[in-house]
Amino acid sequence: MNTNFGVLTDATPVAERRVGFAAALSAASITVPHALGLGIVAFAPLGAQMPVAALALWSAALPGALLTLFARRPGVIYAPSTVVALLFAAVVATVSASSNAVQLSPSQILAVCGATVAMGFAFQWLFGAMRLASLARFLPISVTHGFAAGVGLSMLVAQISGGFGAGSFALDAVTLRHALLASVVVIAARVVQHRWPRVPGLLPAVGIVSLVVVAAGGLSHFAPATPVAPFAWPALPDWSSVPWVAVARAEGVSLVSLAMLMAIVNSLDVLVFNQELDLDYGLRSEPNRALRRESLVGIGCGLFGLIPASTSASRSRIALSRVGPSPVVAPTHAGVLLVVAATGQWWLPYVPMACLAGALLLAGALQVPRVMWSRAYALAAPATWSQSWLVAMVFVISGGVGALVAGLVVATFVLLHASASTALRRSLLDGERRSRRLRRASSDAWIAPRMNGVAVFELQGVVSFGVAAHLTEQITALLAPRHRRVIIEASRVAAWDATALARLGAMARELDQRHIELVVCGLNKDTAPRAPAHVRTAADLDRALEWAEDAILSERPADEAPLASADDALGELADGISPEARHALEARLQCHNIEAGEQVFAAGDASDDMLLVQSGRITLCTAWPPTKGVRIATVGQGMAFGEMAFLDGLPRTACAGSEDAPAMLMRLSRSQFDAWAAQHPADALVFMSNLAKIGTRRLAATTRQLRAVLE
């Protein structure tokens with residue numbers, strides 16, 4: 001972070017300074033009435049013994065000025081927040097209620113309150129030290145928008161419930177007068193802002209309307225911002241002779257609870273606002289560091305009986321929207337507040353509270369993000385828009401914690417719904433996918449028209465309880481009466497929760513009752529052991545498709561299946577060859593037994609042999625064992641492999657071996673074939689023609705697989 005933020009230099013452009021000063025004054029015209037009102041509420045129980053107005057004004061000025069000095073950020077304004085001020089008021093009220101029982105003077109009450117607040121900000125420092133602020137990155141934008149709108153709406157509701165400065169709302173002439181004067185301030189501020197966009201509209205409006213009221217002799221009809229009082233420094237707490245043990249016994253649990261609540265709620269406010277700065281203005285910061293730095297200043301302010309400040313969303317948004325991340329704004333705002341704190345008791349008695357209420361009404365309305373008023377945004381993103389308003393409404397009713405909980409709950413449901421709608425990546429219902437198993441033409445001819453009875457469903461994302469239930473409904477609805485086998489491909493699923501796996505087992509039972517077989521493939525190494533025992537699994541989609549093809553072949557009538565015998569050593573390669581030439585070629589074959597897991601050859605080996613599978617199965621892959629590479633194909637009984645090296649003499653392009661069971665092979669070298677071809681030239685042409693047909697089929701299968709990958 002640039003440590004020069006907030007320092008005015010000669011290099012700062014004059015135009016930027018002017019706009020920055022105007023933005024700071026606009027923010028100050030909100031901070032002063034807001035902090036004054038909150039301070040008077042917070043310190044009200046001490047009003048008979050202490051200058052409450054002075055306490056409120058210095059609490060508005062000093063903590064924000066200290067943060068501006070020690071936690072400088074461009075365009076970010078620090079001021080007392082509503083939640084901290086109200087919780088400070090709760091602490092003061094709690095200690096005051098027990099002051100008679102434990103014999104506390106007003107200055108000692110302030111000391112106990114300061115210790116409690118310092119404790120709360122010490123908790124906040126611990127949150128930053130434990131890096132809990134990093135969790136803020138999981139907050140959706142609807143929550144940040146809802147928080148901002150909630151702050152603004154709370155300001156509006158507070159002015160209405162306070163009778164627009166009258167003290168309390170009532171359907172009488174007093175409230176009506178205050179409401180009309182507040183409306184005049186709002187209208188005047190908008191007129192000034194429209195006519196002179198670079199001039200802070202609120203501050204001139206409040207000043208002009210107040211002067212008119214005083215000049216007209218109408219001040220007696222309105223509640224003043226503060227009573228007339230002489231200049232006063234902030235009252236210092238009296239730490240001497242405080243009966244801490246008696247206080248702890250009387251209100252210890254309540255005070256610790258309030259301190260923890262203050263830490264949690266203020267931390268959430270700070271983190272949400274920092275995320276808003278990042279998303280809307282590109283101002284990045286390390287949230288844990290921000291919490292720690294603000295906490296240290298807050299501890300010091302609390303110990304001196306002041307209401308600690310923190311990042312202010314409403315003021316900073318005004319400044320950032322007008323001048324951007326300017327280093328001028330924060331120190332100017334802090335300076336204005338210090339001047340107001342020092343002189344406010346001389347001139348604030350002549351400012352009607354209704355004028356300050358009008359300023360807060362307009363500030364609250366401007367605090368609501370513009371997109372939340374946008375009909376186009378509501379139509380384009382109805383879920384986010386409605387969630388933002390829900391968070392804002394809950395914020396007004398139950399505060400920041402309730403709003404955050406509501407926002408996260410709704411965001412979770414929205415996320416689950418979105419995950420469920422995209423979890424089914426693709427449905428292949430007409431046999432579009434085939435395995436890499438190399439089979440005889442007769443077997444392929446039997447399988448191909450019956451693969452439309454195999455449905456493949458490719459999943460993606462995270463499958464949780466709600467997503468799994470939705471997927472079950474989707475898969476069941478897509479299945480047709482012809483589908484007898486279902487393959488769920490889950491290699492793109494990042495995680496399954498326990499409920500989703502249980503739902504998968506339930507779906508397997510439901511399909512089994514309909515005589516539909518299910519296999520799940522591609523489960524990761526962490527999920528596969530947790531899958532229900534009765535759910536059939538496969539390592540990948542190719543093995544699952546091979547399982548389905550084998551099942552289809554098992555249904556073939558015996559009279560249509562090719563006979564496997566000792567005379568079938570050459571398989572399809574012998575079709576059309578004369579019996580004499582066939583026996584002569586078979587006599588040149590060399591038998592080769594392969595154990596389970598044994599490798600036949602490796603990629604790069606020099607050889608010109610072709611091998612024919614007599615029993616078992618051979619796997620071709622990019623690396624051996626197959627788990628370390630990609631399986632290219634499997635070769636079963638009656639099929640040949642290694643024909644490329646046999647034809648052109650080049651090194652092997654893949655690895656081959658028996659993956660999980662013994663196999664028996666016949667080896668035909670190129671020299672033996674050439675010797676046989678010299679004796680049987682016509683049959684050799686038939687042999688090479690058969691080999692070309694097999695190669696054409698394999699090329700077609702490879703093209704099919706490549707198309708499936710590209711799709």
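## Strand pairing, a pocket and two residues in a predicted model

Leucine 424 has leucine 459 of β5 as its bridge partner. The structure described here is a predicted model, and this bridge is a convenient entry to its sheet.

The sheet is open and consists of 5 strands, arranged in the order β3-β5-β6-β7-β8 with mixed pairing. Its edges are formed by β3 (424–428) and β8 (536–538), each of which pairs on one side only. Direction ignored, neighbouring strands are turned by 20° against each other on average. In general, the strands of a sheet pair through backbone hydrogen bonds, in either the parallel or the antiparallel sense. Both senses are found around β5: β3 and β5 run antiparallel and are joined by 4 bridges, whereas β5 (residues 454–463) and β6 (residues 485–496) pair in the parallel sense over 9 bridges.

The table lists bridge partners along these two pairings.

| Residue | Bridge partner | Strand of the partner |
|---|---|---|
| leucine 424 | leucine 459 | β5 |
| alanine 455 | valine 486 | β6 |
| phenylalanine 457 | isoleucine 488 | β6 |

Two helices accompany the sheet. Helix α17 (residues 465–478) packs on the sheet and touches β3, β5 and β6, its direction making about 165° with that of β5. Helix α18 (residues 498–513) lies across β5, β6 and β7 (517–521) and runs at about 180° to β6. Strand β5 is thus named in the contacts of α17 and also lies under α18 in the list of strands that this helix crosses. Strand β5 is mostly covered, with 7 of its 10 residues buried.

A further feature is the second largest pocket, whose volume is about 830 Å³. The elements that contribute two or more residues to its lining are β4 (437–438), α16 (441–447), β13 (631–635), β14 (640–641), α21 (643–648) and α23 (681–710). In total, 38 residues line this pocket, and those nearest its centre are Leu438, Leu620, Ala633, Glu643 and Arg698. Helix α23 supplies the largest share of the lining, 12 residues. By class, the lining comprises 21 nonpolar, 6 polar and 11 charged residues.

Proline 625 is located in the loop between β12 (618–621) and β13. Is this proline buried, partly exposed or exposed? Its relative accessibility is 32%, so proline 625 counts as partly exposed. The C-alpha atoms of proline 625 and glutamine 599 are separated by 8.1 Å, although the two residues are 26 residues apart along the chain.

Valine 329 belongs to helix α12 (residues 329–347). Valine 329 has a relative accessible area of 0% and is therefore buried, the cut-off for that class being under 20%. Which residues are in contact with valine 329, leaving aside its neighbours within four places in sequence? The contacts are Gly20, Ala23, Ala24, Ile77, Ala319 and Val323. Valine 329 also lies 9.9 Å from arginine 18, C-alpha to C-alpha, across a sequence separation of 311 residues.

Terms used
Residues are numbered from 1 along each chain as its sequence is written. This is a predicted model: local features need pLDDT of at least 70, side-chain atom pairs count only at pLDDT 80 or more; totals for chains, interfaces and linings use all residues. Side-chain values use heavy atoms; hydrogens and water are left out. On a 1 Å grid over the protein atoms alone, a cavity is a set of points where a 1.4 Å probe fits but cannot get out, and a pocket is an open set with protein on both sides within 12 Å along at least five of seven lines; lining residues have an atom within 4 Å of a point. Grid points are joined across faces, edges and corners, and a volume is the space filled by probe spheres set on the points. Ala, Val, Leu, Ile, Met, Phe, Trp, Tyr, Cys and Pro count as nonpolar, Asp, Glu, Lys and Arg as charged, and the others, Gly among them, as polar. Buried means under 20% relative accessible area, exposed over 50%, partly exposed in between (1.4 Å probe, protein chains only). Two strands pair if DSSP finds at least two bridges between them. Axes are lines fitted to C-alpha atoms, for helices over the stretch in contact, and angles run from 0 to 180 degrees between N-to-C directions. Contact means heavy atoms within 4.5 Å.
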